[in-house]
Amino acid sequence: MIYIGSNKATARITKINCKYDPKTGAVIKKNCKSIHSNDCVEIEVESDQKVCIEKFSNSKIFGRVIIREKKSTLCVGTVTMIK
């Protein structure tokens, strides 16, 4: 499930683009296969439903994203690009 503001929809992570160093922001590894705890990554997410979403620079509320599975939070982040 993906949560944006007060909206929620089913979604899946389609691609992990790259892994960043959280302190410097430099790219550590491209095309990663897995994500570990406290990793800073860029991912692509595809939703099955239409969702109201904006870039974080345009709207702070609709630019924040939480991805959860069952009762555990998988990741928290911001929207940087919309395709």
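With which residue does Glu46 form a salt bridge? In this predicted model, the partner of Glu46 is Arg12, and the closest N and O atoms of the two side chains lie 2.9 Å apart. The pair links distant parts of the chain, since Glu46 belongs to strand 5 (residues 40-47) and Arg12 to strand 3 (residues 11-20), with their positions 34 residues apart in the numbering. Neither end is assigned to the buried class: Glu46 is partly exposed at a relative accessible area of 39%, and Arg12 is partly exposed at 41%.

Arg12 also takes part in a salt bridge with Asp48, where the N to O distance is 2.8 Å. This contact again links distant parts of the chain, as Asp48 sits in the loop between strand 5 and strand 6 (64-69), whereas Arg12 is in strand 3, 36 residues apart. Asp48 counts as exposed, with a relative accessibility of 52%. Arg12, Glu46 and Asp48 are thus linked in a network of salt bridges.

A search of the whole structure returned 3 salt bridges. Besides the pairs made by Arg12, Asp39 forms a salt bridge with Lys19, with the closest N and O atoms 3.4 Å apart. Asp39 lies in the loop between strand 4 (27-30) and strand 5, and Lys19 lies in strand 3, so the pair ties together parts that are 20 residues apart in sequence. The two ends fall into separate accessibility classes: Asp39 is partly exposed, with a relative accessible area of 28%, while Lys19 is buried at 16%, a value under the 20% limit for that class. In general, side chains of opposite charge can pair when their charged atoms come close.

The cysteines were examined next. The search of the whole structure found 0 disulfides. For Cys32, the closest cysteine sulfur is that of Cys18, at 7.3 Å, which is too far for a bond, because a disulfide requires the sulfur atoms to be within 2.5 Å. Cys32 is buried, its relative accessible area being 8%. Cys75 is likewise in no disulfide, and the nearest cysteine sulfur, in Cys40, is 11 Å away. Cys75 is partly exposed, with a relative accessible area of 25%.

With regard to the overall fold, the secondary structure consists of 0 helices and 7 strands. Along the sequence the order of elements reads β-β-β-β-β-β-β. Strand 3 holds Arg12, and Lys19 is placed in strand 3 as well.

The radius of gyration of the protein is 13 Å, which agrees with the value near 12 Å for a compact globule with 83 residues. Taken along the principal axes, the C-alpha atoms fill a box of roughly 35 × 30 × 20 Å. Of the contacts with a separation of 6 or more, 48% are accounted for by residues 24 or more positions apart. Buried residues make up 16% of the 83 residues; Lys19 and Cys32 are among them. The protein exposes about 6500 Å², and carbon and sulfur atoms supply 52% of this area.

Technical notes:
Residues numbered from 1 in each chain as written. Predicted model: local features only at pLDDT ≥ 70, side-chain atom pairs only at ≥ 80, totals over all residues. Heavy atoms only, no water. Salt bridge = Lys/Arg side-chain N within 4 Å of Asp/Glu carboxyl O. Helix = DSSP H or I, 4+ residues; strand = E, 2+ residues; numbered from the N terminus. Buried < 20%, exposed > 50% of the residue type's maximum accessible area, 1.4 Å probe, protein only. Rg over C-alpha atoms; globule rule 2.2 N^0.38 Å. Contact = heavy atoms within 4.5 Å. Areas by Shrake-Rupley, 256 points an atom, 1.4 Å probe, with all protein chains shown as cover.
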